[in-house]
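Please examine the structure shown here, with attention to the surroundings of its ligand and to one serine residue. The questions and answers that follow take these topics in turn.

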Amino acid sequence: MKIKKYIASTIQEGKDRVIRELGDDAIILSTRTVNRPGSGEAAVIEIVAAIDENASPRETVREHSENIPATYEEEISEANNPTPSNGFDLNDRVFDEILELKSSIIELTEYIKYKNLSSFSPEIRSLYKMLLDADLSENLSLNTIIRMNNSPKFKSISPARLAGEILTEKIKFSDSLTKPNEQKIICFFGPTGSGKTTTLVKLAIIAKLILEGQALIICADSVKIGGADQLQAYSSIAGIPYRYAFTNEDLKDAISKEHNADFIFIDTPGAGQFNNSIINEIENLLSGIRLDHKYLTLQSNYSKSALNSCIKMFKRLKPTSIILSKTDEAINYGEMTEALISGNIPISYFSTGQNIPDDIEQAEQDRFISMLLPDTNEE
Ligand SMILES: Nc1nc2c(ncn2[C@@H]2O[C@H](COP(=O)(O)OP(=O)(O)O)[C@@H](O)[C@H]2O)c(=O)[nH]1
Ligand SMILES: [Mg+2]
């Protein structure tokens, strides 16, 4: 008999490993939640599994546990019957029992999920898989298909379309730029390399050529080496006036002299995900300036946690909307969707590539759904 101990973060993950390594005939001898008291580490699931390489029919756990070698018997009994003399006290036992309870709840949750899924039609189950494939979390995917089943639209539109509508109902889409009656001051901020400068130039050219307004570009990015030169080169190719202003006073001064500009576009320094000092710097730079649009550029190919932390950090600057950049580089949009739902900031544009000014689109729900669930395009 071969006996192996597995450590995993969930029971399901542990069981999957047992089956992968020991095969379908493996039996689980014990599962328990363990952690080292005081170590500060998250609790993990310990699974002891065995496979009898000679016996073909499945045998009971009891039969196998009688054959467990002494080392494993000792290890298990010590953990299950801690004695005060070994340093365990009542608190440790209560703690262990809470962990056991937690492990049972996890198991029950898995069971409920399984029960829920098995009650759906094969079509909805395959849609659930499609949502997971789009990198949506298990919880949101399951929630979505449960809500679909109860929706009045269930029979009238395709399941994928309905799922897309449910998933995007909390995402707001804001209007794109229009020719203003009075001067509009627009700034861009966001993580380093997220496409602030590129997107700014695209919109400045649209403002000039399509909206037929007078545009001005101001570079306030004193941090990126060559950033000011890059923006000046773009402005000159596009025939748009360009200034630079690296302090709050200079910026106010530059704006006050430009009464004729319909649109003033301001580029700011990029901030790393954990660089709060740059946020202070941008806050000081823009303080006291009337800003009509504050665009936060975010890369679509960031992970959900990276997007969440960027949104949290830049919320201090009160962005009016998000421009999702590099949509052409994202494989799936599920993680981004979840970050946008919890971030609760409207989205205004998709930047879809490096071509200036062509690769930019107004953000709309239909387009978002077709990016998130490409299967809806074939309907
Ligand atoms: N593929 C792709 N690349 C982009 C997009 N937007 C910007 N880039 C590229 O990303 C890089 C950084 O862009 P930049 O505008 O300088 O970012 P910034 O540091 O936020 O100002 C440049 O090489 C851009 O050409 C986009 O939508 N798609
Ligand atoms: Mg830049």
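**Ligand shell and a serine**

Helix α8 (residues 196-209) gives the most to the shell around ligand 1, with three residues; helices are DSSP runs of H or I of at least four residues, strands are E runs of at least two, both numbered from the N terminus. This is a predicted model, in which local features need pLDDT of at least 70, side-chain atom pairs count only at pLDDT 80 or more, and totals for chains, interfaces and linings use all residues. Residues are numbered from 1 along each chain as written, chains are lettered from A and ligands numbered from 1 in written order, and side-chain values use heavy atoms, without hydrogens and water.

Q: Which oxygen or nitrogen atom of ligand 1 lies 2.9 Å from a polar side-chain atom of Glu-329?
A: Polar contacts here are pairs of N or O atoms within 3.5 Å. A backbone N or O atom of Gly-195 lies 3.0 Å from an oxygen atom of ligand 1, and a polar side-chain atom of Thr-197 lies 2.9 Å from an oxygen atom. For Glu-329, the partner in ligand 1 is a nitrogen atom.

Q: Is Ser-325 buried or exposed?
A: Ser-325 belongs to strand β9 (residues 321-325). Its side chain has a polar atom 2.6 Å from the backbone oxygen of Ser-194. Buried means under 20% relative accessible area, exposed over 50%, and partly exposed in between (1.4 Å probe, protein chains only). Because its relative accessible area is 1%, Ser-325 is buried.

Technical notes
A polar contact is a pair of N or O atoms within 3.5 Å; within protein, one must be able to donate a hydrogen and the other to accept it, and residues adjacent in sequence count only if both atoms are side-chain atoms.
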